[in-house]
Amino acid sequence: MHPANGCRTLGHLTTRLADCTLCAGAQSAPVFAVRPGQRALIVGQAPGIHEPPLRRPFAGDAGRRLRSWFAPYGLDDETAFRATFAMSAVMKCYPGRVGGSRGDRRPARDELDRCAPWTEATLRLLDPPLVIPVGGLAI
């Protein structure tokens with residue numbers, strides 16, 4: 001049984017997810033930011049290299065770019081942006097770099113399968129009326 005299956009609250013989900021070690025090849029602990037009452041969820045591919053030390057999704061260049069897209073709606077301020085949007089990814093841990101490259105590795109199918117119940121539990125417990133997938137893998 002997947003650890004996400006028994007979660008009944010977002011707090012319980014967050015605690016269990018923080019302890020997840022299902023992906024032996026992951027380069028970090030899970031990165032996830034969801035609070036009760038948030039009504040919109042942004043889902044990306046996976047944390048990048050900057051997110052794990054800060055423990056915040058979309059903390060690097062991708063986050064700045066994302067906030068710039070929402071600037072016309074008054075959400076370019078990071079604090080307001082993070083208060084408005086719950087944030088997750090289809091893979092919750094940083095997958096590492098592509099060998100010999102500066103680019104991040106695309107999560108493997110088995111990693112995505114292991115993370116899917118976490119995403120499903122997030123959707124079930126948060127029940128957001130708006131989900132914004134960012135990037136091809138999230139879409």
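1. A good place to start is helix α1, where L10, L13 and L17 are buried. Viewed down the axis of α1, these buried residues fall within an arc of 55°, so they line one face of the helix. That buried set packs against α5, a helix that will come up again below. Please keep in mind throughout that this is a predicted model.

2. Now a step back to the whole chain. It holds five helices and three strands, and from the N terminus on the order of elements is α-β-α-α-α-β-α-β. The C-alpha trace spans about 40 × 40 × 25 Å along its principal axes. For 139 residues, a compact globule would have a radius of gyration near 14 Å, and the chain agrees with this at 14 Å.

3. On burial and surface: 45% of the 139 residues count as buried. The chain exposes about 7400 Å², with carbon and sulfur atoms supplying 55% of that area. As for how the chain meets itself, take the contacts with a separation of 6 or more: 73% of them join residues 24 or more positions apart.

4. Next, the interior. In soluble globular proteins, nonpolar side chains tend to be buried together. Here the largest nonpolar core has 23 residues, and L13, V34, L41, M91, W118 and L126 are those with the most contacts inside it. The elements giving two or more residues to this core are α1 (10-18), β1 and α5. Of these, α5 provides the largest share, with five residues. Apart from this core lies another, of 11 residues, which includes F70, L75, F81 and V134.

5. V34 deserves a closer look, as one of the residues with the most contacts inside the largest core. Setting aside residues up to four places away in sequence, V34 touches L10, T14, L41, A86, M87, T122 and L126. In this list, L10 is one of the buried residues of α1, and T122 lies in helix α5.

6. T122 itself is worth selecting in your viewer. At 1% relative accessibility, T122 counts as buried. Beyond its neighbours within four places in sequence, T122 is in contact with L13, F32, V34, L41 and D127. The pairing with L13 joins positions 109 residues apart along the chain, yet the two C-alpha atoms are separated by 7.6 Å.

7. Two further residues of α5 are good to inspect. T119 lies in this helix, which covers residues 109-126, and T119 is buried with a relative accessible area of 17%. Not counting residues up to four places away in sequence, T119 touches A89, V90 and K92. E111 is also in α5 and is buried too, with a relative accessible area of 5%. Leaving aside neighbours within four places in sequence, the contacts of E111 are C23, M91 and R105. Of these, M91 is listed among the residues with the most contacts inside the largest nonpolar core.

8. Helix α3 (residues 61-70) offers a second case of a one-sided helix. Which of its residues are buried? They are G63, L66, R67 and F70. Seen down the axis of α3, these residues fall within an arc of 100°, so they line one face of the helix. Their cover includes β1 (40-44), α4 (78-84), β2 (85-89) and β3 (130-133). F70 also belongs to the core of 11 residues.

9. Finally, the cysteines. How many disulfides does a search of the whole structure find? The search finds zero. Why does C7 form no bond with the closest cysteine sulfur, in C20? The sulfur of C7 is 11 Å from that of C20, which is too far for a bond. C7 is buried, with a relative accessible area of 0%. For C115, the closest cysteine sulfur is in C23, at 5.2 Å, and this is also too far for a bond, because a disulfide needs the two sulfur atoms within 2.5 Å. C115 counts as buried as well, at 5% relative accessibility. C23 has already appeared above, as one of the contacts of E111.

Note on methods: Residues numbered from 1 in each chain as written. Predicted model: local features only at pLDDT ≥ 70, side-chain atom pairs only at ≥ 80, totals over all residues. Heavy atoms only, no water. Buried < 20%, exposed > 50% of the residue type's maximum accessible area, 1.4 Å probe, protein only. Helix = DSSP H or I, 4+ residues; strand = E, 2+ residues; numbered from the N terminus. Arc of directions from axis to C-beta. Contact = heavy atoms within 4.5 Å. Core = buried A, V, L, I, M, F, W, Y, C linked by side-chain atoms within 4.5 Å. Rg over C-alpha atoms; globule rule 2.2 N^0.38 Å. Areas by Shrake-Rupley, 256 points an atom, 1.4 Å probe, with all protein chains shown as cover.
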